[in-house]
Structures are given as structure tokens and as C-alpha cells.
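Here is a friendly walk through one protein model, written for someone who works at the bench. Have the sequence and the 3D view open as you read.

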Amino acid sequence: MRLRDIVVPAAMVLVIATPASAQSAANQSGSGKAEVVAPLSIQPVLDLRFGRFYRPVSNGNLTVSPSGAVTGTGSMASEVSTPQATGGRGPGTFLVRGDPSRVFRISLPNRINITNGAATMRVSNFTSNVPSRGVALSSAGQFNITVGARLQVAGNQAVGAYSGRFPVTVTYD
């Protein structure tokens with residue numbers, strides 16, 4: 001074996017293993033961004049209205065949908081056609097305002113009680129015209145929410161005017 005055959009591969013190893021001369025520091029600028037969005041607000045426009053009906057002899061339900069359709073089950077089925085004063089039945093309506101075109105979601109309660117003194121009726125199955133995935137505010141930053149629910153009426157329910165409040169929460173997605 002010749003000396004040249006040994007020295008050349010050793011020199012190649014030294015070249016490969018020797019780090020290239022590099023800078024000891026590098027600089028680059030980054031950027032930061034922020035966006036302040038208009039806060040969401042919600043304003044009630046119309047109450048959720050189940051209207052007037054005759055005292056039932058047995059249990060039943062009266063449902064008002066977000067679109068305003070009214071249906072009844074049990075003894076309340078016949079009450080759907082009971083004449084109402086103007087605006088006597090209908091969904092609750094709320095005006096939401098916020099950052100234009102931003103998506104928001106709605107949260108409604110599972111159930112509440114409405115009362116007339118010591119007498120109560122349960123309101124449940126709250127629904128709205130906002131899909132579960134949320135909905136975008138208009139380019140003007142507004143959206144009208146409609147809310148429906150089911151009223152559970154007991155047989156021989158106490159006569160009187162019943163009322164109660166329910167929470168409606170809107171949050172940006």
C-alpha cells in the first residue's frame with residue numbers, strides 16, 4: 001500500500017468532519033398583529049308567547065317553533081286553533097350586534113318554570129334559528145335570533161297569567 005492511498009482518504013475525512021466556518025449569530029425581524037373586534041350585544045325585541053288557551057282537563061304540550069309554527073299534543077292539540085289577539089303567539093326575538101361577518105353561537109337553557117303565584121308550568125326544548133355550528137353576523141354586524149320552546153300544561157292547570165325569564169347567551173366562535 002502506498003502512502004498516497006492512505007493520505008488522500010484521511011484528508012477527505014478531515015474535510016468532511018471539519019465544520020464549515022459559520023456565523024455565530026443571525027438576525028431576522030418578526031411581526032406582530034392584533035385585531036380588536038366589536039363586542040357582542042343582544043337585545044330582546046319580542047317575548048316568547050304561548051298565547052291564551054282554555055284550561056285543559058288532562059296534560060298536554062303547546063310548542064312554538066322558531067319559525068312561529070304552533071303545534072299541540074294531548075289536551076293542548078285542540079288549543080292550537082284557539083283565537084288569539086294580534087301577536088298572541090310567537091317565538092321570542094332578539095337582535096344580536098357585533099363584529100360584521102363574524103360567526104357566533106347561541107346557548108339556551110334546557111328548561112325553566114313560568115309562574116303565576118304558586119302555580120307553575122315548565123318550558124323546555126328551547127330551539128332557535130341559529131344552527132349548532134353557529135351563524136355569521138351580516139355585513140352590518142347584525143342578526144335576528146328567533147327562539148321557540150315547548151310549554152308543558154297540566155290537566156286542570158290553575159287559571160291566570162304565567163311569566164318567567166330565560167337566559168340567552170351569544171358568544172363568538
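## An open sheet

Three strands form an open sheet in the order β8-β5-β10, and their pairing is antiparallel. At the edges sit β8 (135–136) and β10 (169–172), each of which pairs on one side only. Please keep in mind that this is a predicted model.

Let's look at one of these pairings. β5 and β10 run antiparallel to each other over four bridges. To find the register in your viewer, start from Arg 105, which stands opposite Thr 171 in β10.

## A hairpin

Next comes another antiparallel pair: strand β2 (residues 60–64) and strand β3 (residues 70–74), joined over five bridges. Here Thr 63 stands opposite Thr 71 in β3.

This hairpin of β2 and β3 has five residues between the strands. Within the hairpin, Gly 68 takes a positive phi near 100°.

## Two backbone angles to check

Most residues other than glycine have a negative phi. With that in mind, two residues are worth a look.

Ser 101 has a phi near 65°, a positive value in a residue other than glycine. You will find Ser 101 in the loop between β4 and β5 (103–107). Is Ser 101 buried, partly exposed or exposed? Its relative accessibility is 47%, so Ser 101 counts as partly exposed, since that class lies between the 20% and 50% cut-offs.

Asn 125 is not a glycine either, yet its phi is positive, at about 55°. Asn 125 has its place in strand β7. Because its relative accessibility is 43%, Asn 125 counts as partly exposed.

## The largest pocket

How big is the largest pocket? Its volume is about 970 Å³. The pocket is lined by 35 residues, and the closest to its centre are Leu 48, Phe 50, Ile 114, Tyr 162 and Ser 163. If you want to centre your view on the pocket, these five residues are the place to begin.

Which elements give two or more residues to the lining? They are β1 (41–46), β4 (92–97), β6 (111–116) and β7 (119–128). The largest share, four residues, comes from β1. As for chemical class, the lining has 22 nonpolar residues, eight polar ones and five charged ones. Strand β7 thus links two parts of this tour: β7 gives residues to the pocket lining, and β7 holds Asn 125.

Conventions. Residues numbered from 1 in each chain as written. Predicted model: local features only at pLDDT ≥ 70, side-chain atom pairs only at ≥ 80, totals over all residues. Heavy atoms only, no water. 1 Å grid on protein atoms, 1.4 Å probe; cavity = no way out; pocket = protein on both sides within 12 Å on 5 of 7 lines; lining within 4 Å. Points joined across faces, edges and corners; volume = space filled by probe spheres on them. Nonpolar A, V, L, I, M, F, W, Y, C, P; charged D, E, K, R; others polar. Buried < 20%, exposed > 50% of the residue type's maximum accessible area, 1.4 Å probe, protein only. Pairing = 2+ DSSP bridges.
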